[in-house]
Amino acid sequence: MLRLFETHKVRKQQELSGLWDFAKTDSDEINPAYSYQLPVPGCWEMHPDLLTYRGKGQYRTFVNIERKSAIRLEFKGVSHTAEVYFKGILVAEHYNAYTPFSTVINDVEPGRHEIVVKVDNSFSEKSSLHIPNDYYTYGGIIRPISIEEIASSYIERIAFTPEKVNGVWQAEVEVITSNLAEKDMPITLKGLLDEHPFDIGTTTIPAKTNGMSLTKKIIFGDVTEWSHEKPQLYLLDIQLFLEEQEFPSDDLIERVGFRTVTTKNERIQINDKDVVLKGFNRHEDHPLVGASFPLQLMIHDLDLMIDMGANSVRTSHYPNDEIFLDLCDERGILVWEENHARGLSLEQMQNPYFAKQCDVVNREMVENHYNHPSIIIWAILNECASNTEEGRIHYKTQLEQIRSLDHSRPLSFASHHRDKELCFDLVDIVSLNLYPQWYGDEDPGDLVDASRLWANQLGGNGKPLIMSEFGGDGFYGFRSPTKVKGSEERQVDIIEKNLEAYTQRDFVSGMYIWQFCDCRVTEEGSWPLMRAQTQNSKGIVDAYRRPKLAYSTVKKYFKEATEHVKTEPS
Ligand code: ADA
């Protein structure tokens with residue numbers, strides 16, 4: 001399954017899921033002896049021979065093309081470096097597991113064609129973001145792949161930006177198109193919002209051009225807004241007509257919602273109404289599937305979060321699977337989505353590949369996930385060197401890049417630098433990762449009060465404040481009358497004290513527990529020494545989603561205790 005809705009009615013699209021040939025090999029040759037068949041999507045660590053394999057592998061499948069046409073291959077996620085070969089020719093290269101990429105191959109003859117994907121999940125200097133870390137970089141084609149037959153002029157993507165002007169909903173609809181032909185192509189673009197037609201306009205795409213954009217502001221008027229309380233969605237179907245033609249030659253369907261996100265007076269607003277974000281940091285990780293989630297497990301995660309009363313999730317520490325985001329759109333879960341980076345020191349940020357690799361992730365994250373109404377915050381660089389002048393340059397560059405791609409959502413980053421932070425002035429929302437009662441003995445109330453002062457003094461005055469991480473280990477099933485660290489009882493105390501402090505303070509606009517589920521960490525580096533069982537055990541449910549004692553504590557606070565705060569419009 002690629003998405004929760006059909007994205008094309010005109011363009012022919014097929015998902016390439018299934019069993020692919022696989023070889024564990026570091027040979028540069030294409031097509032070694034394939035000794036396995038592995039599921040795509042999937043993580044190779046799920047195979048008994050490859051449980052801890054870090055290195056290179058090759059996947060192969062065949063596709064049947066019925067008539068001569070251009071084809072587009074889209075990969076939703078390959079972990080972490082991919083080289084794609086079509087009939088033995090390199091057609092795409094990509095780094096970073098968690099963002100989609102695509103390639104177009106022109107004039108493909110009818111027949112059976114081979115696709116080979118070389119995949120590498122090893123750590124090296126060339127990989128600045130996937131490093132040994134407090135989560136696991138799996139190997140494989142972890143998200144779905146699609147193959148599409150495209151017309152010579154086609155729609156690359158749509159950016160839908162809703163806005164309410166004088167009480168009336170309108171939206172800027174930007175359609176980005178491409179022309180593969182040798183001659184200029186006059187085209188007309190038309191839209192349908194559910195069944196209601198509207199015109200976008202006519203233009204000519206010059207020969208051999210991509211990234212051609214046509215934008216129109218449309219007044220929609222009579223629509224129901226999207227909110228976390230009532231997540232109303234609409235299908236937005238854009239059709240491309242070649243000159244004079246009666247039937248569309250291409251289309252792209254997105255699912256959109258009418259909502260605005262703003263920040264003012266230390267608060268976050270959805271549709272001008274203050275909201276307090278209550279939720280979890282979540283790694284896409286499960287012992288049975290690694291980072292390659294089927295729909296059922298995504299739904300199960302959301303069901304558990306919603307059962308505890310959460311209204312929000314932070315995609316720590318990378319862009320998430322689009323199907324998960326589709327589910328958040330449907331269920332009204334507000335999403336903090338962030339680029340891929342965790343805990344990089346200044347030295348790691350000085351890696352020569354770092355700036356370029358972040359630039360690509362940021363663009364792919366925003367462009368691909370732009371239309372999800374559930375995403376209300378873009379964030380970058382969790383716990384990196386934002387306390388240094390040189391680090392600040394990276395934060396500034398990346399935040400400016402994201403703002404240039406999307407001016408409609410507030411920006412943030414999660415900092416652990418307390419009063420040494422240098423970048424609060426660059427964002428709309430100040431967010432802090434502090435672990436009172438776990439890494440230190442501080443009182444969460446005192447610490448959150450101090451956080452507000454640091455924010456005020458360091459460029460975050462008037463901005464909303466989010467406690468973006470707090471929590472403590474709780475080993476599933478480990479009970480202790482003395483409530484020692486690591487016991488489920490101690491985790492209950494830690495979560496209780498933190499939530500008690502944050503839910504009582506009006507100036508706290510959000511709280512994300514670290515973390516939803518236990519997750520695997522890398523064996524390389526020093527992580528196993530810090531993480532018993534080679535896992536981060538701060539989950540409120542364990543890796544298999546069995547609730548720990550703290551589950552009901554969270555439920556008590558998320559479902560009941562925050563209802564009194566910030567329900568009035570600002
Ligand atoms: C951090 C970090 C998380 C996780 C957490 C912990 O601050 O952002 O990824 O490592 O701490 O468990 O210590």
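These exercises walk through a predicted model, each with a worked solution.

Residues are numbered from 1 along each chain as its sequence is written. Local features need pLDDT of at least 70, side-chain atom pairs count only at pLDDT 80 or more, and totals for chains, interfaces and linings use all residues, while side-chain values use heavy atoms, with hydrogens and water left out.

**Exercise 1. Domains**

Task: state where each domain runs, and how far apart the centres of domain 1 and domain 2 are.

Solution. Start with the bounds, which come from an automatic or database domain assignment. Domain 1 covers 18-143, domain 2 covers 153-256 and domain 3 covers 262-567. Next, take the centres over C-alpha atoms: those of domain 1 and domain 2 are 32 Å apart.

**Exercise 2. Aromatic pairs**

Task: describe how Trp169 pairs with Phe258, and find what the pair ties together.

Solution. First, the rule. Rings of Phe, Tyr and Trp (its six-membered ring) pair if their centres lie within 6.5 Å; planes under 30 degrees apart are stacked, over 60 edge-to-face, and the rest tilted. The structure holds 22 such pairs. Trp169 and Phe258 are 5.8 Å apart centre to centre, with 65° between the planes, an edge-to-face pair. Now locate them. Strands are DSSP runs of E with at least two residues, and helices are runs of H or I with at least four, numbered from the N terminus. Trp169 is in strand β14 (residues 168-179) and Phe258 is in the loop between β19 (250-256) and β20 (261-264), so the pair ties together parts 89 residues apart in sequence. Both Trp169 and Phe258 are buried (under 20% relative accessible area; exposed is over 50%, partly exposed in between, with a 1.4 Å probe and protein chains only). Finally, widen the view: ring pairs link Phe160, Trp169, Phe198, Phe220, Tyr234 and Phe258 into a cluster.

**Exercise 3. The ligand**

Task: name the closest residues around the ligand and give the polar distances for Asp134, Glu383 and Asn536.

Solution. Count a residue as near if one of its heavy atoms lies within 4 Å. That gives 13 residues around the ligand, the closest being Asp134, His317, Glu383, Tyr439 and Lys538. Then look at side-chain atoms. An N or O atom of Asp134 is 2.4 Å from a ligand oxygen. For Glu383, a polar atom lies 2.3 Å from a ligand oxygen. For Asn536, the distance is 2.9 Å. Last, the cover: alone the ligand exposes 320 Å², and the protein buries 96% of that (Shrake-Rupley method, 1.4 Å probe).

**Exercise 4. Cis peptide bonds**

Task: find which bonds at His80 and His317 are cis, and where these residues sit.

Solution. Take His80. A cis bond joins Ser79 to His80, with omega about -10°. His80 is in the loop between β6 (78-79) and β7 (81-86). Now His317. The bond from Ser316 to His317 is cis, with omega near -5°. His317 is in the loop between β24 (312-314) and α2 (322-331). His317 is also among the closest residues to the ligand.

**Exercise 5. Positive phi**

Task: are Lys87 and Asn271 buried or partly exposed?

Solution. Each is a non-glycine residue with positive phi: about 50° for Lys87 and near 50° for Asn271. Lys87 lies in the loop between β7 and β8 (89-95). Lys87 has 49% relative accessibility and counts as partly exposed. Asn271 lies in the loop between β21 (267-270) and β22 (273-275). At 15%, Asn271 counts as buried.

How values were computed:
A polar contact is a pair of N or O atoms within 3.5 Å; within protein, one must be able to donate a hydrogen and the other to accept it, and residues adjacent in sequence count only if both atoms are side-chain atoms.
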